[in-house]
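User: Please take a close look at a single part of this chain and describe how that part sits among its surroundings. A connected account would suit me better than a list.

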Amino acid sequence: HAASRVGNPQVRGRVVDVGVVKLLPQHALEIQVRFPSGATPPALVRAGATGMGPSGVGPYLPLASVHRTDMEGRLRLNFPKGTVHILAVAEGCARQVAWVTMPREESGPLVIELPPERLVTVEVVDGASGAPVAGAEITATETIRAPGVSFVTSAAWWPPLDPARTDEDGRLVLRGLGPDQGLRLVANADGYPRATGNMTSFQTARIRAGETSVRIEMAPPRTVRWPIEPGDVPPPPDGATVAIRPSPGSYLDDEQIPTAGHVESGELVVAGWPPGPLHGLAVAPGGSIARLFAKGDEDTGAPTTFFPPRRIEVLVRYPDGEPAPGWFVIVRNQGNNPVSLPAPTDSDGRAVIQSLYGGTHGLVQVHVSDRNVAWGGAAVGSVDLEKGDGRIEATVERTRDAVLRFTLAGAPHLPPDPRISLGMTFAGYPPVSYTH
């Protein structure tokens with residue numbers, strides 16, 4: 001296994017030194033999987049190193065690999081020093097997990113006993129009529145707690161569900177669960193709002209220890225009307241199609257909200273909303289923008305007003321006055337939520353962010369970063385969009401090389417594996433490469 005501390009560098013137009021790649025010694029691990037009566041060998045074994053990864057704790061990282069035992073349940077693998085996550089499963093058995101610290105001090109093989117599987121029937125029905133929903137897609141996630149780690153993470157259930165959709169009776173049978181295994185399920189089907197299980201609870205269910213059945217009710221889509229009040233710009237006329245997009249900081253993303261509505265009798269009518277409180281932005285054909293809000297149990301939202309769209313132009317230069325292309329401009333509101341995607345500066349060091357809401361509470365902070373990130377960067381100014389457009393000029397430093405010299409008791413000394421971290425600089429937390 002080889003690893004390098006690269007730290008998400010932006011490699012556009014630049015050469016990145018990834019430092020030294022160190023090859024680590026391997027340690028053999030003998031695995032013996034034992035099957036209950038009636039099970040069918042061989043077993044599938046998924047093994048991966050733990051640690052911090054792109055999505056949190058790392059039992060399920062790109063280094064994870066899948067292997068197959070022989071018909072006696074035996075398998076030999078090699079791992080570097082550290083903690084390893086082992087997951088074994090076989091047909092007719094429940095999954096079993098083992099954590100191993102390599103090199104292993106115990107003699108003999110690592111024995112993994114597979115218990116008999118528990119079957120769980122998942123029933124998906126329409127929340128209004130109770131009718132079964134055929135073809136609903138089920139996704140499953142589990143909670144993982146690594147030994148010695150104070151926090152937990154979630155990961156997709158492995159192996160993947162097969163089948164992953166309900167039958168004509170709206171049912172699906174989950175296999176491979178142990179007696180104490182819990183899962184969180186999310187259901188999605190055509191004609192219903194998109195559920196993710198992230199910050200929302202509709203169309204979800206949790207399988208608890210010992211349960212053999214669970215029921216998921218699909219949420220009928222809502223139609224919500226917003227009275228339109230006059231403002232600085234004329235409202236869209238009756239019959240106009242109005243685009244809908246997420247509101248900054250909302251728990252609903254692009255896949256969970258309707259894409260458009262229409263104006264009818266002076267009201268904005270939008271169909272296809274999920275249950276719960278609603279936040280969004282409505283964009284009229286002429287570009288004017290209105291903010292949308294509705295309580296979770298109401299089909300009439302708060303009166304709304306359309307405002308002219310706003311834009312922010314940012315000019316980024318180096319100290320010598322030369323333009324700084326390839327930097328990113330990030331705009332966030334007072335809740336620290338991005339109001340748009342990061343905008344890269346062009347060859348003139350210029351970035352323009354358009355179609356911003358210009359109504360009340362329109363104060364936003366503008367940041368500049370050398371990375372394409374939604375959070376981070378250095379604050380270069382603020383704009384009150386309620387008053388109008390904004391223009392900001394910013395100066396950034398060029399990338400520089402630095403030489404660090406270490407001494408121990410006055411004598412030159414280089415640590416065998418130095419770890420160098422920087423405090424916040426103008427560009428936020430930039431990726432740093434180093435050699436020694």
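Analyst: The part chosen here is Gly 301, which lies in the loop between β24 (289-294) and β25 (304-307). The model is a predicted one. Is Gly 301 buried or exposed? Its relative accessibility is 8%. Buried means under 20% relative accessible area, so Gly 301 counts as buried.

What covers this glycine can be read from its contacts. Leaving aside neighbours within four places in sequence, Gly 301 is in contact with Val 224, Arg 225, Trp 226, Pro 227, Phe 293 and Ala 294. Of these, Val 224 is 77 residues away from Gly 301 along the chain, yet the C-alpha atoms of the two are separated by 6.6 Å. Phe 293 and Ala 294 are also on the contact list, and the range given for β24, 289-294, takes in both numbers.

For context, here are some other parts of the chain. Strand β9 (residues 82-91) has seven of its ten residues buried, so the strand is largely enclosed by the rest of the structure. Its partner is strand β10 (residues 96-102), and the two pair in the antiparallel sense over seven bridges. Within this pairing, Thr 83 stands opposite Thr 101 of β10, and Val 84 stands opposite Val 100. In a regular strand the side chains alternate between the two faces of the sheet. β9 and β10 form a hairpin with four residues between them. In that turn, Gly 92 has a positive phi of about 85°.

Further along there is an open sheet of four strands in the order β28-β27-β30-β31, with antiparallel pairing. Its edge strands are β28 (343-344) and β31 (378-384), each of which pairs on one side only. β28 is joined to strand β27 (residues 328-333) by two bridges, and these strands run antiparallel. One of the residues involved is Phe 328, whose bridge partner in β28 is Pro 344.

The surface offers a contrast to the buried glycine. Leu 404, Phe 406 and Leu 414 form a nonpolar patch there, with about 270 Å² of accessible area together. Like Gly 301, which is found in a loop, Leu 404 has a loop position, between β32 (390-395) and β33 (407-408).

To return to the part asked about, Gly 301 is a buried loop residue whose contacts include Val 224, Trp 226 and Phe 293.

Definitions and conventions: Residues numbered from 1 in each chain as written. Predicted model: local features only at pLDDT ≥ 70, side-chain atom pairs only at ≥ 80, totals over all residues. Heavy atoms only, no water. Buried < 20%, exposed > 50% of the residue type's maximum accessible area, 1.4 Å probe, protein only. Pairing = 2+ DSSP bridges. Contact = heavy atoms within 4.5 Å. Patch = residues over 30% accessible without salt bridge, like charges linked within 9 Å, V, L, I, M, F, W, Y side chains within 5 Å. Areas by Shrake-Rupley, 256 points an atom, 1.4 Å probe, with all protein chains shown as cover. Salt bridge = Lys/Arg side-chain N within 4 Å of Asp/Glu carboxyl O.
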